[in-house]
Amino acid sequence: MVRKGLTAFLSTAEDIQVMAVVESGMEAVSAAMQYAPDVVLLDLFMPDKPAVETIRQIKKVSPRSQIIMVTSHEGDEYVVPTTQAGAISYILKDATPEDLIRTVRKAARGESTISSRVAKALEKVVSLKMEDEQFHEDLTSREMEVLHYIAEGSSNMDIATHLNISEKTVKSHVSNILSKLYLTDRTKVAVYAWRQGLVKK
């Protein structure tokens, strides 16, 4: 029922094409390998394997695919592991069709979306662990470079110029940084960087 509903919602958007609809994590990995989709919508609980394992395998066979978790569970015990594994967005099953389509479009651009109710759960995690957890250890070397520029107050255009990459690529890196650090804006990223001693005064 959920799969049929999601397919119906997405089919109303002219710029979205549903490549495959599957029932298990193993089938999701196979479909990702076959189609290399821009976006994958994945349920948190599947009959054959944990979502975290499925996410990692999908990212391995199709690195370009952005993964959206679609679930009725909003606890941080589910959000944190799946985000660390590589999911870019987390949306609840009671989201409106408009929100779902908007989330898919943003994911295709490398932009993260987290349901407001899920974000509230994450705020508690971040506030409790900000000083102790080294979330930045999951960042790539390029993402660390972008993080340093963000902490210095550089704009996306400035970062693109300094690193000799496109502004679109910078936006993708910023989105990944926000997702991996469980933060919602650039200001919080800068604060995190300063608190962790990643940049010098």
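Me: What is the bridge partner of Val40 in strand 2?

Reply: That's Ile67. By the way, this is a predicted model, where local features need pLDDT of at least 70, side-chain atom pairs count only at pLDDT 80 or more, and totals for chains, interfaces and linings use all residues. Residues are numbered from 1 along each chain as its sequence is written, and side-chain values use heavy atoms, with hydrogens and water left out.

Me: How do you know that strand 1 and strand 2 pair?

Reply: Pairing takes at least two bridges found by DSSP. Strand 1 (residues 39-43) and strand 2 (residues 66-71) are joined by 5 bridges and run parallel. Strands here are DSSP runs of E with at least two residues, helices are runs of H or I with at least four, and numbering starts at the N terminus.

Me: What makes strand 1 and strand 3 edge strands?

Reply: The open sheet has 3 strands in the order 1-2-3. Strand 1 and strand 3 (87-92) each have a single partner strand, so one side of each has no neighbour in the sheet.

Me: Why is helix 8 called roughly perpendicular to helix 9?

Reply: The axes of helix 8 (residues 156-163) and helix 9 (residues 167-181) cross at roughly 110°. Roughly perpendicular covers 65 to 115 degrees (under 35 is roughly parallel, over 145 roughly antiparallel, the rest oblique), so helix 8 earns that label against helix 9. Axes are lines fitted to C-alpha atoms, for helices over the stretch in contact, and angles run from 0 to 180 degrees between N-to-C directions.
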